[in-house]
Every structure is written in C-alpha cells, then in structure tokens.
Amino acid sequence: MLPDSLKNNLSKALPYLIGISIPSVVIGPAVMGIILSISIVLLFCYPKQEKMFSFVKKSFSSPLTITLAIMLVFWFASSIFSIDPLRSLEKWLRTIVLIIFSLFIYGRFAEEDHDRITAIKTMAITTALTTISLGILMIGQKLYLQGIVLFGGWIDWSRESNSLCFFMHCDLLKYKDSAQVLICLLPIIIFSFKTASKRFRWLLLSSVPFIIWVALFTETKSAALGIICGVMFLAIWLLIKKTKEKYAPILMLLLLISLVFSTISFIKLLPQDVELKNNPNGKREYNVPFNIIGEHRQIIWSFSYDRFLQRPWLGFGPDVSGDIPGAKETVKSWHPSKYEKENPNWTEKQRNFWNQEYIPSHPHSWLFELMVETGFLGLVVFLITLFHFFYTVFQKSLSRMALSLILLNGIYWSIGLVSFSFWSARWQIVYLLLTALLLSVQKEERE
C-alpha cells in the first residue's frame, strides 16, 4: 500500500491529466488512452474515496440510471444473438465500464471545487493551444503549397535538400477526426470564458476562429453541421424553456413527432435497390443532392436500412455492421462522381481504385448503426434514455453549465449522425467525460 501522503500528492495530478486527455487525441488516440489509463489509477488515490463511492452508489438508484439499465439489458440481448457474440459483448461491456468511469469522475469533481476548476481550465487552455498550433501549421502549409504554384520546382528542391520546409509535406488532412473533437470541445471553451483571467480570455477567444479554420482546411463538413445544429438545438431548448410550463410538454411532443416523421421521410428519399439486384446494369436514382449528403453515405445508409429489415427487432449485434452479409462487397456500378468530373481521363483501373464497400467498417451514422446492429428495440430504448437525460437537464435552472451541456449534446449527436461509429471508445470517452465535467459544476444539482 502507498503512504497516504504519496496517494494525496498523486491524486492532485488527476485534474491536470483529465484536462489534457481529450485534447491529446490530436497527437493520437493511443496517447489519450494512456493518459486516461493513468487517470483511472490516480482516481483511486483520492483521499475521500468513501464519499466518491457513496456518490456513485447513490446514482445507481436514480430514475435515469434505471432507464439506462433497461437500455443495457436490450443491448445485452442483441449481443447474445449477434453474428459475432464475443465482439458485441466486448463493446457492450466496455460501454458499461466507460459509463461507470464517468460516474466516478463526476463524483470526484463534484466533491472538489478546486480540482474541477483546474480540470476544466486545463482542458480549455490545452484545447486553445492545440488548436492554434495546428491551425498555424495548416495556414503555413496552405501558403507554402500556393507558393509552389508560383515558384515552380521549389517543392522538388525542398524535398531533395531536406530543407526546414519538410514538415510542410505532411498530410494534415488526417486531422479530420481531430477537427470534430475540437468542435465538441467548443462548449468547454465557451464555459470557461467568463471565469478565465483577461490573459486567458484572449487565448480562448483567439482559438475559436482556428477551430473553424481547422474544420475548413480538413474539409470536415460534419463539423459545420455540428455548429449549426448545436446552435439550433440551443435555440429550441431556450424557446421551450421560456414557454409556459403547461405548453412545454405539447411543444416537446410536437418536436418529437416532427423528428420521427422527418427521419421516416429521409429514409424514403434514399436510393432504392441499392445493390442493383433487380437491375444489375442500371443506375441508382438519387433524391438527395450530393452536396448535402454524399453519394457513398446514401449508399451506406440505404444498404444498412435494407439489412435492418432482415433482422428488425434486435439487429445483428453491436459493432458488427461491417461484417453483416454483403457489407464487404464492392459497391456495384459506382465511383465518386466528384472525382470523375475532376478527372475525366481516368482509366478503368483508377475508377476501380475508388470503389468502396457497402459498409466500410461502420455506417457512419449512430442512427443507422444502432438501427441495423441493435434493431428497433435497441434503438428505441436508447432514444428513450437520451430523451430522459435531456428531460433531467431541462429541469435544471438555466446556467452556464446547462447551456454548455445543451450545446455539447447538439454538436455531438449531430456530428455522429453523419460521421463516427457509436461504439468507438474515443468518441464515447469524449461525450461521457465532457458530460461528467459539466454536470459536476453545480453541487445542488448532483442528484
């Protein structure tokens, strides 16, 4: 056993590690994983462990936790009947572990105001410094490549001479996922702005345009969608909150009904007979413009919906959509129209190079992913749990914490509608950890 004095000193490092954990994903997901693994160890060096465990134990009896437990039961059933039970059960169990970890973080920082402030402040500053550094590098590369056009063979000279410009040749488009994470960190920067000193306010404020620039440079359209939907979600939330109490449930019901019908209408707009079984040499008909939803995304979602209809109740199992029958087959009679127009002299080999699978690893949408993997029952209980959480937050008084949390949810779930995998550990950590940090702000709202 470690001496109490050493455990206490180690525990003091936890807020700083939590603060740098999510921004460190820019370096690599493995770095974030290492930092969080160390954080788990330091979490149990906390001198007031009894209070932390008592808080977590108490949270298990809350109505929201009961709803969450029901959801996990349905997901467990889906995992048992999965086409790959071991993989599905691993994702199911890992999700539970991350939820429990976030509860411990919530309890830890709800008890210690100073540590919570340190963690959020560290995260905001680290995010700002990371964003500005990455943004400046991207500006430099943009100017450098434009200079290449003007000065001809300079790029060949700089490569051959190992000049100081070698770092300008690295592929910065690989930071597309990082741009999405930085957008999710935007509510933390906004939350910290009021309490930060003047020096740090300028740092935080100057990072915002760099966040937008990183998203533009990496052509991350989902980041733009996140900002737009986040602001819309916040505006709708405030509208309902300001409405008289007796009318608020009616507005929420109308909103829910409109979302359901919008989803059904959108699914009907997706291309039919996506596998061209009825017309092998034909062309697909698209009703949604490609500048709104890309061609491949429409094919993926239409294929996912077709497979959902084959196992509608419990689906094929969590995180197995890339292995369901037909998912690994190359899309028939397709290559990205955008690239064909830009490259009219393509050879057949070049066209085949751009052919993709019907589901490349996952459906790139949590809606279609849960639909095909956990079925109608798994998706419905998830949505009920999510709306239950929203209702719990809705009951809280308006504050910086509540507004930041609402903005985070608007950004996160809208980006996930067109992008990352729901079962990705990295993205689950981003959401759960940021939610835990924001919820731990107000002591009177800990229940």
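R87, E90, K91, D319 and D323 are linked in a network of salt bridges, a salt bridge being a side-chain nitrogen of Lys or Arg within 4 Å of a carboxyl oxygen of Asp or Glu. The structure described here is a predicted model, in which local features need pLDDT of at least 70 and side-chain atom pairs count only at pLDDT 80 or more, while totals for chains, interfaces and linings use all residues. Residues are numbered from 1 along each chain as its sequence is written, and side-chain values use heavy atoms, with hydrogens and water left out.

Within this network, K91 pairs with D319, and the closest N and O atoms are 3.2 Å apart. K91 belongs to helix 6 (residues 85-111) and D319 to the loop between helix 14 (295-310) and helix 15 (337-342), so the pair ties together parts that are 228 residues apart in sequence. Helices (H or I, at least four residues) are DSSP runs, as are strands (E, at least two), and they are numbered from the N terminus. Both partners, K91 and D319, are buried; here buried means under 20% relative accessible area, exposed over 50%, and partly exposed in between (1.4 Å probe, protein chains only).

In total, the structure holds ten salt bridges. Side chains of opposite charge can pair when their charged atoms come close. One such pair is R108 and D115, at 2.8 Å from N to O, and R108 and D115 are both buried. Another joins R116 to D113, with the closest N and O atoms 3.1 Å apart. R116 and D113 are three residues apart in helix 7 (residues 113-151), and are therefore separated by about one helical turn. An α-helix has 3.6 residues a turn, so residues three or four places apart point the same way. The two partners differ in cover: R116 is buried, with a relative accessible area of 7%, whereas D113 is partly exposed at 33%.

Two helices can be considered next for their burial. In helix 9 (residues 176-184), seven of the nine residues are buried, so the helix is largely enclosed by the rest of the structure. The buried residues of helix 9 are S178, A179, Q180, V181, L182, I183 and C184. Helix 10 (residues 186-193) is also mostly covered, with six of its eight residues buried, namely L186, P187, I188, I189, F191 and S192. I188, in helix 10, has a relative accessibility of 1%. The C-alpha atoms of I188 and L405 are separated by 9.0 Å, although the two residues are 217 apart along the chain.

L405 also appears in the lining of the largest cavity, together with F233, W237, F389, F390, V393, I406 and N409. Rolling a probe the size of a water molecule over the atoms shows where empty space is left. On a 1 Å grid over the protein atoms alone, a cavity is a set of points where a 1.4 Å probe fits but cannot get out, and its lining residues have an atom within 4 Å of a point. Grid points are joined across faces, edges and corners, and a volume is the space filled by probe spheres set on the points. The count comes to one cavity of 30 Å³ or more, and the volume of the largest cavity is about 30 Å³. Helix 12 (221-242), helix 17 (366-394) and helix 18 (400-416) each supply at least two residues of this lining. By class, the lining has seven nonpolar residues, one polar and no charged ones. For this purpose Ala, Val, Leu, Ile, Met, Phe, Trp, Tyr, Cys and Pro count as nonpolar, Asp, Glu, Lys and Arg as charged, and the others, Gly among them, as polar.

Attention can now turn to helix 13 (residues 248-269) and the loop after it. L269 is found in helix 13 and is partly exposed, with a relative accessible area of 38%. L269 and N287 are 18 residues apart in sequence, and their C-alpha atoms are 5.6 Å apart in space. The loop between helix 13 and helix 14 contains D273, which has a positive phi of about 45° although it is not a glycine. Most residues other than glycine have a negative phi, and most peptide bonds are trans. D273 is partly exposed, at 26% relative accessibility. S361, likewise not a glycine, has a positive phi near 70°. S361 is placed in the loop between helix 16 (348-353) and helix 17, and is partly exposed with a relative accessible area of 43%.

Key:
1 Å grid on protein atoms, 1.4 Å probe; cavity = no way out; pocket = protein on both sides within 12 Å on 5 of 7 lines; lining within 4 Å.
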